Amino acid sequence: MRKTLLTLIAIGLLALTIKAQTPAPTPPKNTQKISPGRIVHVDTAVVTKHTVTIKGKTIPYTATAGMMPVWEEDGRPTAGVFYTYYERDDVQDRASRPLVISFNGGPGTPSVWMELGYTGPRLLNTDDEGYPVQPYGFKENPNSILDVADIVYVDPVNTGYSRPVSADIPKSTFFGVNEDIKYLAEWINTFVTRENRWASPKFLIGESYGTTRVSGLALQLQDAEWMYLNGVILVSPTDLGIERSGPVQEALSLPYFSATAWYHKKLPADLQQKDLTAMLPEVESFTINELLPALSKGGSLDDDQKKAIAAKIARYSGLSEKVILDNNLVISYNLFWKELLRDQGFTVGRLDSRYRGIDSKAAGDGPDYNAELTAWLHEFTPAINIYLRNDLNYKTDLKYNMFGNVWPWDNKNDHTGENLRQAIAQNPYLHLLVQSGYFDGACDYFNAKYSMWQLDPSGRLKDRLKWEGYKSGHMMYLRKEDLATATENLRKFILGAIPKAGQPAKY
């Protein structure tokens with residue numbers, strides 16, 4: 001009996017030895033299983049296969065979710081930047097296949113908004129106007145631009161799953177206009193090199209603060225990484241560091257006020273009965289030709305002129321002449337959001353003024369909260385957490401930061417509008433598309449137009465600059481009608497910005 005037991009133990013030990021000496025199967029290229037926990041794995045990737053039906057055609061694609069390092073000059077990683085990369089499979093010539101590099105804003109938010117709301121192969125569950133619905137989740141995006149371009153969505157440090165490798169690394173390494181641009185340009189170089197996409201036509205798309213980011217990146221990629229783009233797309237752009245103050249800043253908000261008042265049926269009947277895009281040119285003309293000069297006169301404006309201007313502002317804004325006169329013809333955004341529907345007991349949203357909120361009291365000079373942002377966090381947060389874990393199989397206990405701590409943020413020396421102008425001037429292939437929502441009060445549409453006018457004061461680049469407006473807010477794509485139109489316009493822009501074979505980049 002004892003001999004038999006010793007024999008069995010020996011056989012068992014031999015089996016364990018054989019198993020230990022058998023080499024583990026080699027994982028597929030660029031894949032690595034992510035262990036649960038809150039450790040930052042700075043260089044990982046999980047690859048999955050999918051299909052999506054776009055415009056009635058089935059598109060097979062590979063999705064890669066992972067981290068890629070930000071490098072110190074000495075070659076050590078300082079952070080892991082999380083990304084999701086979608087690459088169409090049935091493509092024979094990857095060299096001519098466009099690559100779109102996508103950023104959102106904040107600063108401090110990840111790329112979830114455009115990934116699940118706009119251009120990606122999966123689309124957030126919402127109603128037709130973008131409001132939350134349950135059950136939470138997502139579906140195929142029949143309007144995704146994956147049919148014409150591969151896409152990588154990038155989450156800057158402290159957004160999404162992206163993190164520094166150590167708390168000892170100074171925040172100033174990442175958190176500033178120019179610091180953000182510098183490390184992300186180097187990260188893009190690493191990504192393009194690893195994925196063998198140097199030959200591909202390249203496009204940057206940014207939303208909100210992401211427009212500041214990609215405007216700066218356009219020049220940084222040229223100057224520091226020697227990487228030249230075919231297009232830059234600005235969705236709901238910031239001021240891009242373009243100076244506006246005093247009367248200019250105070251006047252430019254009126255067309256947005258008018259669009260919002262039109263939506264909430266607060267305009268006089270003759271204006272209200274017109275379509276929005278037919279009504280707004282009258283307001284824009286008044287803003288530039290009458291309001292701006294009047295505000296420039298300040299206290300020298302006589303009483304009759306002041307009352308005449310106040311009457312027109314009231315006509316176009318939906319506010320009372322008394323409120324306008326009490327504020328010396330200058331209405332702040334906060335006051336407008338509080339005042340427009342005060343008599344109905346509602347506020348209007350900042351990022352999308354179609355949304356209504358309810359404050360604790362009717363009095364006051366601004367809303368208690370952003371009604372639209374609360375709704376968006378309500379629907380996007382569950383969806384992205386479900387999607388990354390279940391669809392893309394990226395499993396980690398790191399918290400997905402919808403809004404990460406990126407403060408203090410250094411806003412000094414923001415010359416990103418001028419950076420973008422230089423990039424376009426230096427690169428004859430480079431085109432610009434600007435997309436705005438008429439009901440966006442954070443990055444309003446008329447300020448976006450103004451930025452584009454000032455971007456090219458000579459007028460010599462205007463054949464490569466285009467602006468588009470949509471009847472929705474900051475995330476104009478959340479309105480289903482605008483999603484279909486805006487993505488189709490992206491397709492046309494991307495394909496139109498690719499030169500014919502052999503066409504040189506020269507003036």
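A residue is called buried when its relative accessible area is under 20%, exposed when over 50% and partly exposed in between, using a 1.4 Å probe and protein chains only. By that rule Asn158, at 15% relative accessibility, counts as buried.

This is a predicted model, in which local features need pLDDT of at least 70, side-chain atom pairs count only at pLDDT 80 or more, and totals for chains, interfaces and linings use all residues. Residues are numbered from 1 along each chain as its sequence is written, and side-chain values use heavy atoms, with hydrogens and water left out.

**The chain as a whole**

The chain has 15 helices and 14 strands. These are DSSP runs numbered from the N terminus: helices are H or I with at least four residues, strands are E with at least two. For 507 residues, a compact globule would have a radius of gyration near 23 Å, and the 26 Å of the chain agrees with that. The radius is taken over C-alpha atoms, and the globule rule is 2.2 Å times the number of residues to the power 0.38. Along its principal axes the C-alpha trace spans about 115 × 60 × 50 Å. Of the 507 residues, 54% are buried.

Contact means heavy atoms within 4.5 Å. Among contacts between residues at least 6 apart in sequence, 72% join residues at least 24 apart.

**Three helices**

The expected span of a helix is 1.5 Å times one less than its number of residues. The table sets this beside the distance between the end C-alpha atoms.

| Helix | Residues | Number of residues | Expected span | End-to-end C-alpha distance |
|---|---|---|---|---|
| Helix 3 | 177-194 | 18 residues | 26 Å | 26 Å |
| Helix 9 | 303-317 | 15 residues | 21 Å | 21 Å |
| Helix 12 | 371-391 | 21 residues | 30 Å | 30 Å |

The buried residues of helix 12 include Trp376, Phe380, Ala383 and Tyr387. Its buried residues pack against strand 3 (77-88), helix 2 (112-117), strand 5 (122-124), strand 6 (138-140) and strand 12 (356-357). Just after helix 12, Asn393 takes a positive phi of about 60 degrees.

Helix 9 has Ile309, Ala310, Ile313, Ala314, Tyr316 and Ser317 as its buried residues. An α-helix has 3.6 residues a turn, so residues three or four places apart point the same way. The cover over the buried residues of helix 9 includes helix 8 (276-297) and helix 10 (321-326).

In helix 3, the buried residues include Tyr183, Leu184, Trp187 and Ile188. Asn196, just after helix 3, has a positive phi of about 60 degrees.

**A residue in strand 10**

Leu234 is found in strand 10 (residues 231-237). With a relative accessible area of 2%, Leu234 is buried. Beyond its neighbours within four places in sequence, Leu234 is in contact with residues including Val214, Leu240, Leu420 and Leu432.

**Backbone details**

Gly106 and Pro107 are joined by a cis peptide bond with omega of about -5 degrees. Pro107 is in the loop between strand 4 (99-103) and helix 2. The bond from Trp407 to Pro408 is also cis, with omega near 5 degrees, and Pro408 is in the loop between helix 12 and helix 13 (416-426).

Asn158 has a phi near 75 degrees, a positive value in a residue other than glycine. The place of Asn158 is in the loop between strand 7 (150-155) and strand 8 (163-164). Ser208, which lies in strand 9 (residues 202-208), has a positive phi near 60 degrees. At 17% relative accessibility, Ser208 counts as buried.
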